[in-house]
Amino acid sequence: MEHGTTRNFLYIMPKFIFVAGGVMSGIGKGVATAAIGKILQSKGFKVTAVKIDPYINVDAGTMNPVEHGEIFVTDDGIECDQDVGNYERFLDKNLTTENYITTGRVYQAVIQRERNLEYEGRCVEVVPDIPNEVISRISKVAKSTRADFVLIEIGGTVGEYQNLLFLEAARMMRLQKPKDILFILISYLPVPEMIGEMKTKPTQTAVRLLNEAGIQPDIILGRSSVPLDEPRKRKISIFCNVAPEDVISAPDIKSIYEISLNFEKENLGNQILKKFGLRLRKSNLKDWERLVSIIKKLEKPVHQAHNLYASVKIGIVGKYFETGGFTLMDSYISIIEAIKHATWFYKKRPEIFWLSAEKYEQEAGTVKELKKFDGIIVPGGFGSRGVEGKIKAIEFCRKNKIPYLGLCLGMQLAVVEFARNVCGLKMANSTEFSPNCQEPVIDVLPEQKALLHEKKYGGTMRLGAYLCEIKPKTLSFRAYSPLRVLLKTPQKPFYTSERHRHRYELNNEFREALEAKGMVMVGINPERNLVEIIELKNHPFFVGTQFHPEYKSRPLKPHPLFREFIRICLKNSRN
Ligand code: GLN
């Protein structure tokens with residue numbers, strides 16, 4: 001429970017915690033930041049978090065998911081870094097555009113202000129005007145959210161040219177409010193195989209680099225494959241100028257939801273309060289402890305006798321997971337999390353398989369492998385690569401009654417498949433892939449057409465939360481409606497709001513033709529009369545959503561559609 005407003009009058013809030021990374025990227029800085037937020041929240045504080053991306057891009061919308069990872073979308077329609085998704089999942093909160101800062105946004109604002117003569121004729125300079133803009137943005141978040149703690153994660157690693165101005169902002173903020181600012185460095189400690197010993201030198205170097213920027217970390221989180229032992233903590237303490245109790249061990253773990261619990265074992269929460277001179281408080285992470293204990297139990301060998309720990313096998317037919325010789329799962333992080341949340345709800349173990357759409361195009365018959373799975377998801381995507389393979393996969397799921405969940409592009413392609421193979425509209429397609437197609441069952445809205453024409457791609461899709469009216473007596477209605485609604489007013493439509501990120505829509509001119517053959521338009525956006533959810537009759541679960549339900553799934557509150565999808569997958573499981 002949060003009671004950010006019931007403050008002890010002696011405490012001056014808000015407090016700001018900057019988190020920077022050392023040695024290398026990809027060591028889980030985002031989830032560590034989210035986990036710290038969770039701990040403070042569990043102590044009864046109101047917490048928010050800000051992600052700083054040191055890119056010139058104004059938002060993440062124009063970035064390739066293979067390069068940057070998933071693009072997350074907030075209710076107010078900002079395309080941002082996946083870490084904002086981590087914050088939302090950990091804090092169980094909807095964040096907004098204020099929680100995301102990029103170099104591009106900062107410069108854009110400063111230049112705009114200069115054009116408006118708001119600097120009153122003086123020379124506008126990189127320092128201090130850029131860091132000042134950063135500080136004002138961070139302060140604005142604190143004000144508008146009335147948070148007790150604002151966590152600010154600075155992207156990249158220390159020593160890079162790119163994030164220097166953000167470190168400068170942090171340094172200037174500390175100068176202005178020395179009692180309200182804390183620095184945490186999350187650094188990596190390798191254990192090279194040929195040496196067999198954990199090495200602290202890269203972390204020492206990272207601290208030096210941070211010192212060069214005028215910052216001394218207050219706490220160091222040591223990320224490594226194994227926990228940090230006492231000699232290592234002592235060494236870091238001496239060489240990096242922090243107390244031994246401020247060196248926190250952050251070993252690899254199986255589930256990210258365990259991180260808060262691990263940090264609490266090292267007393268990180270109260271260590272932070274102590275540094276701010278705040279009265280210590282107990283944390284309450286009981287719900288998370290319960291979740292983590294379920295996750296851990298599920299990892300143990302399958303309990304055949306009671307079928308207690310059986311798994312559910314979900315195949316994802318996509319394309320954003322290959323980079324050179326590596327499989328990259330970051331592009332679909334919210335979907336993976338949503339599957340996990342829903343599966344854990346049923347106390348089952350999720351098994352996720354990456355299936356290449358292009359293979360189904362190139363090698364005839366390979367699509368039959370879909371039979372091995374309990375359910376199939378076709379996620380969102382852009383561009384024509386792999387599209388025909390995805391359509392083949394969808395056709396196979398429809399005909400073989402394999403539970404199917406289509407997300408955004410996955411919904412659009414389900415409509416194309418149905419139009420072609422059931423309604424006999426042989427030329428059916430989306431105008432995204434066939435601009436002059438004769439049967440454009442998926443088409444761009446007129447206002448989107450104008451934007452495309454002017455090459456205005458960034459931040460111009462249908463983005464963010466829109467209302468969806470769900471028809472009674474449908475699979476989706478059953479999934480969404482709380483029991484009391486189902487029992488009391490089973491005939492009334494149910495309203496929900498879901499997040500969007502797309503330019504194309506189901507073309508209303510083809511609605512009748514599709515409905516005549518058994519496709520049901522289950523969810524409709526009432527303001528614009530746009531189709532939001534489709535379902536097929538006579539199928540255990542065939543649902544497509546124009547929106548992205550995965551963005552709103554939380555570990556202790558799985559998304560209704562994912563939950564229902566997994567329930568049917570488990571019911572039909574042939575494993
Ligand atoms: N490319 C499709 C569109 O823009 C689908 C987008 C998505 O899947 N997010 O409408």
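Contact here means heavy atoms within 4.5 Å. Keep that cut-off in mind for the packing exercises. The model is predicted.

**Exercise 1. Which strands does helix 10 lie across, and at what angle does it run to strand 8?**

Solution.
- Step 1: Find helix 10, residues 268–275.
- Step 2: List the strands it lies across: strand 1, strand 6, strand 7, strand 8 (219–224) and strand 9.
- Step 3: Read the direction. Helix 10 runs at about 155 degrees to strand 8.

**Exercise 2. Describe the sheet of seven strands: what is its order, and which strands are at its edges?**

Solution.
- Step 1: Write the order, 5-2-6-1-7-8-9. The sheet is open and its pairing is parallel.
- Step 2: Look for strands that pair on one side only. These edge strands are strand 5 (100–102) and strand 9 (247–251).
- Step 3: Add the twist. From one strand to the next, it averages 20 degrees.
- Step 4: Zoom in on one pair. Six bridges link strand 1 (residues 15–21) with strand 7 (residues 181–188), in the parallel sense. Within this pair, Ile-17 stands opposite Leu-182 of strand 7.
- Step 5: Place helix 6. It packs on this sheet and touches strand 1, strand 2 (47–53), strand 5, strand 6 (149–157) and strand 7. The direction of helix 6 makes about 145 degrees with that of strand 7.

**Exercise 3. Classify the crossing of helix 5 and helix 6.**

Solution.
- Step 1: Locate the helices. Helix 5 spans residues 126–145, and helix 6 spans residues 164–176.
- Step 2: Read the geometry. Their axes come within 8 Å and cross at roughly 70 degrees.
- Step 3: Classify. Angles of 65 to 115 degrees count as roughly perpendicular. Helix 5 is therefore roughly perpendicular to helix 6.
- Step 4: Name some residues that meet. Helix 5 brings several, including Val-126, Ile-130, Val-134 and Ile-138. Helix 6 brings others, among them Leu-165, Phe-166, Met-172 and Met-173.

**Exercise 4. Do the same for helix 1 and helix 10.**

Solution.
- Step 1: Helix 1 covers residues 29–42. Its axis comes within 9 Å of the axis of helix 10.
- Step 2: The two axes cross at roughly 75 degrees. The helices are therefore roughly perpendicular to each other.
- Step 3: List the contact. Helix 1 gives Ile-36, Ile-39 and Leu-40. Helix 10 gives Leu-268, Gly-269, Ile-272 and Leu-273.

**Exercise 5. Describe the sheet of three strands and the helix across it.**

Solution.
- Step 1: The sheet is open, with order 16-17-20 and mixed pairing.
- Step 2: Its edges are strand 16 (428–430) and strand 20 (504–506). The twist averages 30 degrees from one strand to the next.
- Step 3: Strand 17 (residues 439–444) and strand 20 run antiparallel, joined by three bridges. Ile-442 has Leu-506 in strand 20 as its bridge partner.
- Step 4: Helix 16 (residues 446–453) lies across strand 17 and strand 20. It runs at about 70 degrees to strand 17.

**Exercise 6. What surrounds the ligand, and how much of the ligand's area does the protein bury?**

Solution.
- Step 1: Name some residues around the ligand. They include Phe-382, Cys-408, Glu-432, Arg-501 and Tyr-504.
- Step 2: Check the nitrogen atoms. One ligand nitrogen is 2.9 Å from a polar backbone atom of Gly-381. For His-548, a side-chain N or O atom is 3.1 Å from a nitrogen atom of the ligand.
- Step 3: Check oxygen. A ligand oxygen atom lies 3.1 Å from a polar side-chain atom of Gln-412.
- Step 4: Finish with area. The ligand taken alone exposes 300 Å², and the protein buries 98% of that.

Conventions. Residues are numbered from 1 along each chain as its sequence is written. This is a predicted model: local features need pLDDT of at least 70, side-chain atom pairs count only at pLDDT 80 or more; totals for chains, interfaces and linings use all residues. Side-chain values use heavy atoms; hydrogens and water are left out. Two strands pair if DSSP finds at least two bridges between them. Helices (H or I, at least four residues) and strands (E, at least two) are DSSP runs, numbered from the N terminus. Axes are lines fitted to C-alpha atoms, for helices over the stretch in contact, and angles run from 0 to 180 degrees between N-to-C directions. A residue is near a molecule or strand if one of its heavy atoms lies within 4 Å of it. A polar contact is a pair of N or O atoms within 3.5 Å; within protein, one must be able to donate a hydrogen and the other to accept it, and residues adjacent in sequence count only if both atoms are side-chain atoms. Accessible areas come from the Shrake-Rupley method with a 1.4 Å probe; for residues, only the protein chains shown count as cover. Angles under 35 degrees count as roughly parallel, over 145 as roughly antiparallel, 65 to 115 as roughly perpendicular and the rest as oblique.
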